[in-house]
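Here are some short exercises to work through with the model open in your viewer. Try each task yourself before reading the solution.

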Amino acid sequence: MKFFAVLAFCVVGAIAGPLSSDEAALVKSSWDQVKHNEVDILYAVFKAYPDIQAKFPQFVGKDLDSIKDGREFATHATRIVSFLSEVVTLSGNESNLAAVHTLVTKLGKDHKARGVTKSQFTNFRTALVSYLSSHVSWGENVAAAWNHALDNTMAIAFKQLDD
Ligand code: HEM
Ligand SMILES: *[C@@H]1O[C@H](CO)[C@@H](O)[C@H](O)[C@H]1NC(C)=O
């Protein structure tokens, strides 16, 4: 099983390649500027893509502005943002790449089981990048580093998800 995870990573790596240390540092330093804006980030995702909100049994059909200050919203926002923080932290050390692969594969499997699609993950990515671009010091180099990081992450998750 371990062997398979590492092998699968190498296949992904052959397409995109791991981040350079400069890219990893840019992703980390920009993420540090927003990683405590959990509710704000989930709000931005739901606002841009209501079909993502609709997949949550606890939020479906509810008015976004009325749920965003609630405890359930904060709890879930923290789960998602902590997951991203963990991936960003691990990705700064090449020795942890197999661990990142395992985590993101599990995320993909768990979300497939909930009927979440590749295109919803892509939309999540779009909303996240849009949030970052207006809340961190942004520029071509930061954008390119995030693109590379998200290409890698999405490639792993997509293996588990349907269209
Ligand atoms: C893009 C569409 C997505 C949808 C529709 C979606 C939906 C869901 C749902 C319905 C749950 C269960 C919530 C609960 O039972 O309280 C969940 C859990 C979770 N989601 Fe997502 N999610 C999406 C993307 C993501 C992404 C991109 C990440 C990470 C960056 C993520 C991270 C998590 C985590 C960490 C959990 C809690 C652990 C788990 O139950 O798997 N989600 N998601
Ligand atoms: C990188 O990760 C490995 C394995 O988890 C660990 O032993 C090592 O100390 C880490 N290196 C740095 C610079 O954090």
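**Exercise 1: Polar contacts of ligand 1**

In this predicted model, a nitrogen atom of ligand 1 sits 2.8 Å from an N or O atom in the side chain of His111. Your task: find which residues come nearest to ligand 1, then look for polar contacts to its oxygen atoms.

Solution. Start with the surroundings: 17 residues lie around ligand 1, and those that come nearest are Gln58, Arg79, His111, Arg114 and Gln120. Next, apply the cut-off for a polar contact, a pair of N or O atoms within 3.5 Å. The side chain of Gln58 has an N or O atom 2.9 Å from an oxygen atom of ligand 1. For Arg79, a polar side-chain atom is 3.2 Å from an oxygen atom of the ligand.

**Exercise 2: Surroundings of ligand 2**

Your task: list the residues around ligand 2 and say what share of its exposed area the protein buries.

Solution. First, the list: Asn93, Ser95 and Asn96. Second, the distances: an oxygen atom of ligand 2 lies 2.4 Å from a polar side-chain atom of Asn93, and for Asn96 the corresponding distance to an oxygen atom of ligand 2 is 3.2 Å. Third, the area: ligand 2 taken alone exposes 360 Å², of which the protein buries 24%.

**Exercise 3: A helix pair**

Your task: describe how helix 3 and helix 6 are oriented to each other.

Solution. Take the axes of helix 3 (residues 38-48) and helix 6 (residues 71-91): they come within 8 Å and cross at roughly 90°. Angles of 65 to 115 degrees count as roughly perpendicular, so helix 3 and helix 6 are roughly perpendicular to each other. Finally, inspect the contact, where helix 3 contributes residues including Ile41, Leu42 and Phe46, and helix 6 residues including Phe73, Ala77 and Ile80.

How values were computed. Residues numbered from 1 in each chain as written. Chains lettered and ligands numbered in written order. Predicted model: local features only at pLDDT ≥ 70, side-chain atom pairs only at ≥ 80, totals over all residues. Heavy atoms only, no water. Near = heavy atom within 4 Å. Polar contact = N/O pair within 3.5 Å; in protein donor to acceptor, adjacent residues only side chain to side chain. Areas by Shrake-Rupley, 256 points an atom, 1.4 Å probe, with all protein chains shown as cover. Axes fitted to C-alpha atoms, helices over the stretch in contact; angles between N-to-C directions. Helix = DSSP H or I, 4+ residues; strand = E, 2+ residues; numbered from the N terminus. Parallel < 35°, antiparallel > 145°, perpendicular 65-115°, else oblique. Contact = heavy atoms within 4.5 Å.
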